[in-house]
Amino acid sequence: MSNDAEVPSPHRRGLMLVLSSPSGAGKTTLSRQLLENDSRIKLSISCTTRERRPGEVDGVDYHFIDTASFRDMLERGEFLEHARVFDHYYGTPGSPVAEALDAGGDMLFDIDWQGTQQLKEKGRDDLVTVFILPPSTHDLEKRLITRAQDSPDIVARRMAKAADEMSHWAEYDYVIINRDIATSLIQLKSILTAERLKRERQYGLADFVMALREGR
Ligand code: 5GP
């Protein structure tokens, strides 16, 4: 039998896991729990021009930047995608994503349907998209109110916007109805596991199988 180091083993290319949902469907909680549970996936930290909410940390939840800086980054082509949401700009810086994927790590994106569409238009085969739906309108509104991070008029605007956002569900590969976080997390982890095992994402399988067949 040969030394382990000589046996070819399959390597995996990183994938881009996109989560979209209307605000209040539980996407942030779900992504946080996925990140805590799985060290092989990292969050893509977006840039935004919106105000920081209580509890949010610059450089952790978002890079909070002003509109002029956002425009500069946009002009320099530093965003993989960007969109205007609720009167503010949001964008995904490209270089951290490229670095993570090249190193075989996965990236999690909390972006809206506009950003997802832009990534899809790039024809990337490393893209896996998941849409999170609330179990009911009542539930969605309740979550937006109890979150208490936004003023009542913003909550009303977000409810109106939710209907728009939800109309894009059919553009996603997977849909999860978030009745409870624990179940949704299991479902999300199952999607990630299955996508990681896709044949075309596992480099070096041919050499690996050849070695097995040759008894190496
Ligand atoms: P929030 O202001 O509540 O954090 O986010 C508002 C919306 O903007 C959410 O739907 C969120 O997914 C989306 N969003 C956050 N970052 C980005 C981004 O970099 N690009 C795009 N297209 N949407 C984003």
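**Ligand contacts, helix packing and a loop with positive phi**

In the predicted model, a polar side-chain atom of lysine 27 is placed 2.8 Å from an oxygen atom of the ligand. A comparable description applies to serine 46, where a polar side-chain atom lies 2.7 Å from an oxygen atom of the ligand. For aspartate 112, by contrast, the ligand contributes a nitrogen atom, which is 2.8 Å from an N or O atom in the aspartate side chain. The ligand is surrounded by 16 residues in total, and the closest of these are Ser46, Arg50, Tyr62, Tyr90 and Asp110. Serine 46 thus appears both in the list of closest residues and as the source of a polar side-chain atom 2.7 Å from a ligand oxygen.

Two helix pairs were examined for their packing. Helix H1, which spans residues 27-37, packs with helix H7, residues 181-196, at an angle of about 60 degrees, and the two axes are 10 Å apart. H1 and H7 are therefore oblique to each other, and the crossing in which H1 passes H7 is right-handed. On the H1 side the contact is made by Thr29, Leu30, Gln33, Leu34 and Asn37, which meet Ile181, Ser184, Leu185, Leu188, Lys189 and Leu192 of H7. Classified by residue type, this contact of H1 with H7 comprises six nonpolar, four polar and one charged residue.

The second pair consists of helix H5 (residues 137-147) and helix H6 (residues 152-166), whose axes come within 10 Å and cross at roughly 140 degrees. H5 and H6 are therefore likewise oblique to each other, and H5 passes H6 in a right-handed crossing. In this contact, Thr137, Leu140, Glu141, Leu144, Ile145 and Arg147 of H5 meet Val155, Arg158, Met159, Ala162 and Met166 of H6. The residues that join H5 to H6 divide by class into seven nonpolar, one polar and three charged.

Backbone geometry was also considered in the loop between strand E6 (79-85) and strand E7 (88-93), where phenylalanine 86 is located. Most residues other than glycine have a negative phi. Phenylalanine 86, although not a glycine, has a positive phi near 50 degrees. Aspartate 87, found in the loop between E6 and E7, also has a positive phi, of about 70 degrees, and is likewise not a glycine.

Note on methods: Residues numbered from 1 in each chain as written. Predicted model: local features only at pLDDT ≥ 70, side-chain atom pairs only at ≥ 80, totals over all residues. Heavy atoms only, no water. Axes fitted to C-alpha atoms, helices over the stretch in contact; angles between N-to-C directions. Helix = DSSP H or I, 4+ residues; strand = E, 2+ residues; numbered from the N terminus. Parallel < 35°, antiparallel > 145°, perpendicular 65-115°, else oblique. Left-handed = near helix turned anticlockwise from the far one by under 90°. Contact = heavy atoms within 4.5 Å. Nonpolar A, V, L, I, M, F, W, Y, C, P; charged D, E, K, R; others polar. Near = heavy atom within 4 Å. Polar contact = N/O pair within 3.5 Å; in protein donor to acceptor, adjacent residues only side chain to side chain.
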